[in-house]
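Work through the exercises below with the sequence and the coordinates open side by side. Each task sentence is followed by a solution that goes step by step.

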Amino acid sequence: MPIRYLTLTILTALALSGCNTTNNGAEPELIKAAVHADSATMTELAPAPARQPEPESVALKPLEVEVELELESAPVPQTGLMDRLRAGFGLEIPDHPRIDSQIRWFASNNDYLDRVQERAAPYLYFILDEAEQRGIPSELALLPIVESGFRPFAYSPGRAAGLWQFIPSTGKHFGLEQNWWYDGRRDVVAATRAAFDYLSQLASQFDGDWQLALAGYNAGAGTVQRAIKRNQRKGKPTDFWSLELPDETMRYVPKLLAVAKVMGDPQQYGITLADIPNQPYFDSIDIGSQLDLALAADMAGISIEDLYRLNPGFNRWATAPDGPHRLSIPVEQAERFSEALDALDPQKRLRWSRYKIRPGDNLGGIARKHKTTVALLQQVNKLKGNNIRAGKHLLIPVSVKSLDQYTHTADARLAKTKNRQRKGKRLTHKVVAGDTLWDIAQRYKVSHRALARWNGMSPRDTLRLGQQLVIWQQGGKSQDKLAHATPLLSPPVDTRSSLRYRVRKGDSLALIAQRFNVTISDLRKWNTLEGRYLQPGQRLQLFVDVAEQTL
């Protein structure tokens with residue numbers, strides 16, 4: 001608090017007799033003290049002394065004495081982030097058996113809350129700040145505990161990703177870009193804002209009922225709306241507790257309310273919570289254009305792993321060419337990073353390799369080999385199409401450090417998942433045309449959900465030709481003679497997907513190969529073509545890189 005200075009002005013009454021200007025010994029009749037503190041003026045009357053015989057004439061002469069009194073304000077107690085969080089609680093939490101059962105679980109698993117709080121510490125200040133700015137109950141800042149356990153790289157069987165577990169379609173609807181370089185569903189800043197947009201929209205749809213909004217966030221607004229209409233037709237109440245909703249949703253809302261109740265009064269439940277500082281953990285810094293993440297970490301003086309944890313939306317070794325051009329940097333390192341970025345030669349933001357095009361090369365194959373995209377190669381080399389010529393050179397952006405040092409790229413996370421030791425015998429299966437996750441699981445006598453989990457996938461994800469799947473067999477023999485128990489030393493980089501193409505008038509093998517960045521020999525092999533000519537309407541099987549076609 002600022003130090004305040006008090007200026008004391010004393011007005012003294014001097015008794016004067018005739019032309020005598022000296023004090024004749026009479027005490028002043030009145031002393032007035034005007035105390036000025038900031039803009040306030042306080043006038044106090046001091047008690048008068050015993051009355052003396054009045055002189056024949058009395059004159060008041062002010063005597064101003066300015067005294068600067070240095071006063072130190074009492075320190076304002078600093079509250080932690082959890083105190084600030086509790087101050088914003090606004091949800092009504094009823095006494096209900098479903099909530100009580102969740103509370104009992106949390107009360108007996110204090111170690112889980114410890115881990116969650118540790119993971120939440122870098123993000124919670126920002127999330128709470130966003131909630132306060134929107135005027136929504138601060139309990140919603142705790143929703144990532146229910147959704148992802150505050151794990152920014154969480155990926156669910158339902159294809160939901162990030163702290164807030166957006167599925168692809170909902171993420172796109174709320175402006176979260178998803179491409180080869182970047183997934184906005186995992187971007188803490190972008191996804192938090194999108195989640196609060198979504199929750200606020202749901203609350204408005206359900207007339208300000210946050211419990212129904214939470215149910216809609218989990219099950220979809222349509223599911224909740226249909227449940228409400230069913231109850232209305234039956235003359236039943238339409239509050240959350242009266243609706244028939246999916247089992248997961250019926251547990252979901254009570255779980256958040258239980259978390260809020262436990263966080264609101266931890267001592268009542270015998271729980272000890274960590275003290276998270278009530279101050280920002282990171283700053284969002286505009287970097288202007290694409291930047292190698294290892295270089296960014298060096299400029300900030302932090303590890304690549306720490307940089308990825310604050311910027312989990314980036315899939316590769318650099319930020320996305322088309323943005324967002326923003327990095328979250330720890331507050332303590334933000335100034336250092338900004339100064340280093342200003343001093344950095346723009347030509348050194350990425351490291352460049354000069355590649356000589358060989359006969360048979362195509363942009364798709366070159367992009368896969370160097371772990372980049374066709375779109376970026378076209379942009380950097382000012383190519384209008386996919387035509388390249390053997391003997392010419394391409395500029396290719398490459399990582400500053402060895403790729404295995406970029407600890408949280410999509411490839412590195414996938415490799416870590418696949419190489420995790422599990423029970424049983426480890427096999428690998430190479431995906432061929434016609435394979436499905438269900439068929440492969442049946443062939444190896446394993447659960448298709450487990451198979452997806454072992455390979456960092458959702459059961460609904462599309463398989464790619466040449467993709468290697470890890471399989472953990474509990475016993476018995478595989479029905480597939482192609483199975484082999486060789487370790488997967490590096491993650492697959494083949495991102496191709498199957499599609500059917502209908503031949504149009506004027507098409508040729510060369511034109512189709514060029515359009516989809518494949519080779520003519522591949523087209524012949526995939527479709528057992530012998531002649532040179534195609535017929536309009538003829539169907540061709542292709543395996544193309546989806547990322548290359550969409551960027």
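## Exercise 1: the surroundings of Tyr 217

The backbone oxygen of Trp 164 and a polar atom of the Tyr 217 side chain lie 2.8 Å apart, and a polar contact is a pair of N or O atoms within 3.5 Å, where, within protein, one must be able to donate a hydrogen and the other to accept it, and residues adjacent in sequence count only if both atoms are side-chain atoms. This is a predicted model, in which local features need pLDDT of at least 70 and side-chain atom pairs count only at pLDDT 80 or more, while totals for chains, interfaces and linings use all residues. Residues are numbered from 1 along each chain as its sequence is written, and side-chain values use heavy atoms, with hydrogens and water left out.

Task: establish where Tyr 217 is found, whether Tyr 217 is buried or exposed, and which residues Tyr 217 is in contact with beyond its neighbours within four places in sequence.

Solution. Step one places Tyr 217 in helix 8; helices (H or I, at least four residues) and strands (E, at least two) are DSSP runs, numbered from the N terminus. Step two takes the relative accessible area of Tyr 217, which is 10%, so the residue is buried (buried means under 20% relative accessible area, exposed over 50%, partly exposed in between, with a 1.4 Å probe and protein chains only). Step three lists the contacts (heavy atoms within 4.5 Å): leaving aside neighbours within four places in sequence, Tyr 217 touches Leu 143, Glu 147, Trp 164, Phe 166, Ala 195, Tyr 198, Leu 199, Leu 202 and Tyr 252. For Leu 202, which is 15 residues away along the chain, the separation between C-alpha atoms is 7.5 Å.

## Exercise 2: positive phi in two loops

Task: for Gln 165 and Asp 207, decide whether each is buried or exposed.

Solution. Gln 165 belongs to the loop between helix 5 (143-147) and helix 6 (168-173), and its phi is positive, about 55°, although it is not a glycine. With a relative accessible area of 14%, Gln 165 is buried. Asp 207 sits in the loop between helix 7 (188-205) and helix 8, and its phi is likewise positive, near 55°; its relative accessible area, however, is 75%, so Asp 207 is exposed.

## Exercise 3: two helix pairs

Task: describe how helix 8 packs with helix 9 and how helix 11 packs with helix 13.

Solution. Two packed helices are described by the angle between their axes and the distance between the axes. Here axes are lines fitted to C-alpha atoms, for helices over the stretch in contact, and angles run from 0 to 180 degrees between N-to-C directions.

For helix 8 (residues 210-219) and helix 9 (residues 221-234), the axes come within 6 Å and cross at roughly 125°. Helix 8 is therefore oblique to helix 9, given that angles under 35 degrees count as roughly parallel, over 145 as roughly antiparallel, 65 to 115 as roughly perpendicular and the rest as oblique. Leu 212, Ala 215, Gly 216 and Ala 219 of helix 8 meet Ala 221, Thr 223, Val 224 and Ile 228 of helix 9.

Helix 11 (residues 293-300) and helix 13 (residues 331-343) have axes 8 Å apart, at an angle of about 120°, which makes helix 11 oblique to helix 13. Ala 296, Asp 298, Met 299 and Ala 300 of helix 11 make the contact with Gln 333, Arg 336, Phe 337, Ala 340 and Leu 341 of helix 13.
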